[in-house]
Amino acid sequence: MSEINLTYEEAVERLNEIVESLEKNDVPLDKALELFEEGTRLTAFCTKKLNEAKQKITELEKD
């Protein structure tokens, strides 16, 4: 998977843009697939960031 050089907030914003584009139903199939693939990568990135934050909070609460 390619490196994503965005903050969590930027990734969520981009995901919202992708969803809006796909909801318009006027995106050609090839572009829709490209957007879906990007959205999948961004979702994985955001999930990883949230899990890391959760783990850090858990560790801090132990101290």
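## Helix H2 and its partner

Ala32, Leu35, Gly39, Leu42, Phe45 and Cys46 are the buried residues of H2, where buried means under 20% relative accessible area with a 1.4 Å probe, protein chains only. What do they pack against? Those buried residues sit against helix H1 (8-23).

H2 itself covers residues 29-62, 34 residues in total, and runs 49 Å from first C-alpha to last. That is close to the 50 Å expected at 1.5 Å a residue, a figure that multiplies 1.5 Å by one less than the number of residues.

## What kind of model this is

This is a predicted model, so to speak of local features takes pLDDT of at least 70, and side-chain atom pairs count only at pLDDT 80 or more, while totals for chains, interfaces and linings use all residues. Numbering starts from 1 along each chain as its sequence is written, and side-chain values use heavy atoms, with hydrogens and water left out.

## Isoleucine 4

Isoleucine 4 belongs to the segment before H1. Buried or exposed? Isoleucine 4 is buried, at a relative accessible area of 16%.

Setting aside neighbours within four places in sequence, isoleucine 4 is in contact with Arg41, Leu42 and Phe45; contact means heavy atoms within 4.5 Å. Two of these, Leu42 and Phe45, also appear among the buried residues of H2.

## The chain as a whole

The chain holds two helices and zero strands; these are DSSP runs, H or I of at least four residues for helices and E of at least two for strands, numbered from the N terminus. Its C-alpha trace spans about 55 × 20 × 15 Å along the principal axes.

Technical notes: Buried < 20%, exposed > 50% of the residue type's maximum accessible area, 1.4 Å probe, protein only.
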